[in-house]
Amino acid sequence: MNSENTDIVRRFYEAWSRQDVETAAGLVTEDFVDNSSSSRGRDGVREEGAFWFTAFPDAEVSIEELLADGDKVTVRVHATATHLGEFLGIPATGRRVDMDEIDIFRVEGGLLAESWAVPDIFGLMNQLGAFEPASEEPVGSA
């Protein structure tokens with residue numbers, strides 16, 4: 001396993017878990033591309049931090065698994081937080097939530113250059129009460 005590449009990912013998540021968005025932004029390239037959102041560069045990391053930490057100001061992220069191959073690092077993380085601010089149109093609920101995510105990073109020159117994220121947004125939205133219960137009536141019945 002490439003320890004330099006895994007170390008940069010560890011440092012990124014340590015900063016993120018402390019909500020130290022400036023340190024996290026300093027660990028990505030100027031032209032960092034988050035393929036899972038419209039975020040770009042260091043300002044994109046700052047914007048993502050503001051988005052998440054406004055809704056979940058006590059969020060903590062822990063690394064569950066970390067794998068490296070060449071310039072790619074795959075990480076499975078688990079986050080816990082309290083929903084204390086608006087999130088995707090849902091007003092604060094005060095609910096404690098858990099979310100898992102799998103991320104792949106490409107490392108270039110000792111910095112994170114690109115990422116692909118697969119968060120369990122469905123599970124998070126369900127915990128926030130975003131979905132109405134399904135009808136007891138079978139589909140297609142009158």
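A residue is called buried under 20% relative accessible area, exposed over 50%, and partly exposed in between (1.4 Å probe, protein chains only). The exercises below concern a predicted model, in which local features need pLDDT of at least 70 and side-chain atom pairs count only at pLDDT 80 or more, while totals for chains, interfaces and linings use all residues. Residues are numbered from 1 along each chain as its sequence is written, and side-chain values use heavy atoms, with hydrogens and water left out.

**Exercise 1. Classify Gly110 and Asn35, and state where each residue lies.**

Step 1. Locate Gly110: this residue lies in the loop between strands E4 and E5 (111-119). Helices (H or I, at least four residues) and strands (E, at least two) are DSSP runs, numbered from the N terminus.

Step 2. Apply the cut-offs: the relative accessibility of Gly110 is 47%, so Gly110 counts as partly exposed.

Step 3. Turn to Asn35, which lies in the loop between E1 and H3. Its relative accessible area is 38%, and Asn35 is therefore partly exposed.

Step 4. Add the spatial relations. Gly110 and Asp71 are 39 residues apart along the chain, and their C-alpha atoms are separated by 9.8 Å. Asn35 and Thr82 are 47 residues apart in sequence, with 27 Å from C-alpha to C-alpha.

Step 5. List the contacts of Asn35, where contact means heavy atoms within 4.5 Å. Leaving aside residues up to four places away in sequence, Asn35 touches Glu114, Ser115 and Trp116.

**Exercise 2. Describe the overall build of the chain.**

Step 1. Count the elements: the chain has 4 helices and 5 strands.

Step 2. Read their order from the N terminus, which is α-α-β-α-β-β-β-β-α.

Step 3. Give the extent: the C-alpha trace spans about 60 × 30 × 25 Å along its principal axes.

Step 4. Consider burial and contacts. Of the 142 residues, 38% count as buried. Among contacts with a separation of 6 or more, 56% join residues 24 or more positions apart.

Step 5. Consider the surface, with areas from the Shrake-Rupley method (1.4 Å probe; for residues, only the protein chains shown count as cover). The chain exposes about 8000 Å², of which carbon and sulfur atoms supply 51%.

**Exercise 3. Identify the residues with the most contacts inside the largest nonpolar core, and the element that gives the most to this core.**

Step 1. Recall that a nonpolar core is a set of buried Ala, Val, Leu, Ile, Met, Phe, Trp, Tyr and Cys residues joined through side-chain atoms within 4.5 Å. In soluble globular proteins, nonpolar side chains tend to be buried together.

Step 2. The largest such core has 35 residues, and those with the most contacts inside it are Val9, Phe12, Val45, Phe56 and Leu112.

Step 3. The elements that give two or more residues to this core include helix H1 (3-17), helix H2 (21-26), strand E1 (28-34) and helix H4 (121-127). H1 gives the most, with 6 residues.

Step 4. Take Phe56 as an example: apart from residues up to four places away in sequence, its contacts include Ala81, Phe87, Val97 and Leu124.

**Exercise 4. Find the salt bridges of Arg96, Arg76 and Arg106, and compare them with the case of Asp103.**

Step 1. State the rule: a salt bridge is a side-chain nitrogen of Lys or Arg within 4 Å of a carboxyl oxygen of Asp or Glu. By this rule the count is 9.

Step 2. Arg96 pairs with Asp58 at 3.0 Å, N to O. The two are 38 residues apart, with Arg96 in strand E4 (residues 96-108) and Asp58 in the loop between helix H3 (41-55) and strand E2 (60-69).

Step 3. Arg76 pairs with Glu65 at 2.9 Å, N to O. Arg76 belongs to strand E3 (residues 72-82) and Glu65 to strand E2, 11 residues apart.

Step 4. Arg106 and Glu114 form a salt bridge with their closest N and O atoms 2.8 Å apart, and both residues are buried.

Step 5. Asp103, in strand E4, is buried yet has no salt bridge; the nearest side chain of opposite charge, Arg76, is 11 Å away. In that count of charge, Lys and Arg are positive and Asp and Glu negative, while His and the chain ends are not counted.

Technical notes:
Contact means heavy atoms within 4.5 Å.
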